[in-house]
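Reader: I am new to this structure and should be grateful for a close look at a single part of it. Please take one helix and describe it together with its surroundings.

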Amino acid sequence: MSIRSARQHTLESAMEAAVEAARWAPSVHNTQPWTFSVSGEEISLKADTDRKLRVGDASGRELSISCGAALFTLRTALRCHGYEPVVRVLPDPDRPSLLATLRPGAETSPDETVRLLGEQIERRRTHRAGFAEVPVPDRLIDRLVRAAAAEGAELTPVRAPAAVDMLASLTRAAQGVQSQDRRFNLEVIRWARPPGSSRDDGVPATGYPRHAVRTDPDFPQRDYAWRHDWGGEGGAEPGLGVVALLTTAGDGREDWISAGEALQHVLLHAAAYGVSAAFHTQVLEMELLREFLRVEVCSGRYPQMIMRFGVTFDDDTAAVRRSLADVTR
């Protein structure tokens, strides 16, 4: 094999590995709203709009955040395989579903941090209950703040009890309104997998507790079971964890993609130190409440994610992902 053909083989292997890794990115309701294509030395990341939440995410904000998380995963996997990624976001205005292109750039040697992030890509899990009464070190939270900043977003830990209580109250209010909305309920149910389902997307019945212990203050989770006795046997941990807001300066598609990149950077870094995240996006799916948060809590910045960080001993659920053949075009 010539040097040129050997290099080409190495490049192709790295790009295939990057696409394989990107399948494991987090997404709203595990919709996995993305497709990938590889042409020559370029990977294209496209939004799969058939998987968009028409009711809960009419603007496509959560879809774009999900795809941004996949983009950061692509970047990390390429670095792990020895290439510095060259990324173009929203490269073609005539192709709105094309969110980014990525090429392997200069050869590089992954440092310890990159390898650490890469090791968590398939291990990371979303948590949907309380946490153990184990404190999350302030040093780690500071590192998560820096990780978000590296992607152009801002992660703000919410420490004041009154502010935490306010966010919990808003989450409960939004959950109450959404639970009375038939269209919204039907959309959530679409992405809830019943026990024994062979589907490779959506939230599995073991992905949330059957009888969750309320946190204090209480941050409700989605009702994926919807009147069924579904759910796993965990969820007895009552800890709240550390509440945090992820925000961006702007609120366009590029900002949403950056928020997704920041989110995945934060999640992988947290997972490397045994810390999981629980998401609470109900408030952000109601424009009036989201605007209230922006003006009254986020100093004019746009809230993209509300989450809690903590330690759990219950996250042993197997993740489900679409096959590589299903996400490549």
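Author: The account below follows helix H7 and then the elements around it.

The model is a predicted one. Helix H7 comprises residues 253-272. For its 20 residues, a rise of 1.5 Å a residue gives an expected span of 28 Å, and the end C-alpha atoms are 29 Å apart, so the two values agree. How many of the residues of H7 are buried? The number is 16 of the 20, and H7 is therefore largely enclosed by the rest of the structure. Just after the helix, Gly274 adopts a positive phi of about 75 degrees.

Two other helices that make contact with H7 may be taken in turn. The first to be described is helix H2, residues 61-80. The axes of H2 and H7 come within 6 Å and cross at roughly 55 degrees. This angle makes H2 oblique to H7. The crossing of the two is right-handed. On the side of H2, the contact involves Arg61, Ser64, Ile65, Gly68, Ala69, Leu71, Phe72, Thr73 and Arg75. On the side of H7, the residues in contact are Trp256, Ile257, Ala259, Gly260, Glu261, Leu263, Gln264, His265 and Leu268.

The other is helix H4, residues 138-150. Its axis and that of H7 come within 8 Å, with a crossing angle of roughly 150 degrees. Angles over 145 degrees count as roughly antiparallel, and H4 and H7 are therefore roughly antiparallel to each other. This crossing, too, is right-handed. H4 contributes Leu140, Arg143, Leu144, Ala147, Ala148 and Ala150 to the contact, while H7 contributes Ala262, His265, Val266, His269 and Ala270. His265 of H7 thus appears both in the contact with H2 and in the contact with H4.

From H2 the description can be carried to a sheet. H2 lies across S1, S2, S3 and S4, and runs at about 155 degrees to S3. These four strands form an open sheet in the order S1-S2-S4-S3, with antiparallel pairing. S1 and strand S3 (83-89) are at the edges; each has a single partner strand, so one side of each is left without a neighbour in the sheet. Neighbouring strands of this sheet are turned by 25 degrees against each other on average, direction ignored.

The pairings within this sheet can be given in more detail. S1 and strand S2 (residues 42-47) run antiparallel and are joined by six bridges. Trp34 has Ala47 in S2 as its bridge partner, and Phe36 stands opposite Leu45 in S2. The hairpin of S1 and S2 has two residues between the strands, and Gly40 in this hairpin takes a positive phi near 60 degrees. On to the next pair, S2 and strand S4 (residues 98-107) also run antiparallel, with four bridges between them. Here Lys46 stands opposite Leu98 in S4.

Ahead of S1, one residue of the backbone deserves attention. Gln32 lies in the loop between helix H1 (3-22) and strand S1 (34-39). Its phi is positive, about 50 degrees, although Gln32 is not a glycine. Most residues other than glycine have a negative phi. Is Gln32 buried or exposed? Gln32 counts as buried because its relative accessibility is 1%, and the cut-off for buried is under 20%.

A second sheet is also present. Four strands form this open sheet in the order S5-S6-S8-S7, and the pairing is antiparallel. Strand S5 (154-157) and strand S7 (276-279) are the edge strands, each pairing on one side only. The twist from one strand to the next averages 35 degrees. S5 and S6 pair in the antiparallel sense over four bridges, and Glu154 has Thr247 in S6 as its bridge partner.

The loop between helix H6 (182-190) and strand S6 (242-248) holds Pro217. The peptide bond from Asp216 to Pro217 is cis, with omega near 0 degrees. Most peptide bonds are trans. Arg227 is found in the loop between H6 and S6 as well. Arg227 is a residue other than glycine with a positive phi, near 75 degrees. Unlike Gln32, which is buried, Arg227 has a relative accessible area of 75% and is therefore exposed.

Methods
Residues numbered from 1 in each chain as written. Predicted model: local features only at pLDDT ≥ 70, side-chain atom pairs only at ≥ 80, totals over all residues. Heavy atoms only, no water. Buried < 20%, exposed > 50% of the residue type's maximum accessible area, 1.4 Å probe, protein only. Expected span 1.5 Å × (residues − 1). Pairing = 2+ DSSP bridges. Axes fitted to C-alpha atoms, helices over the stretch in contact; angles between N-to-C directions. Parallel < 35°, antiparallel > 145°, perpendicular 65-115°, else oblique. Left-handed = near helix turned anticlockwise from the far one by under 90°. Contact = heavy atoms within 4.5 Å.
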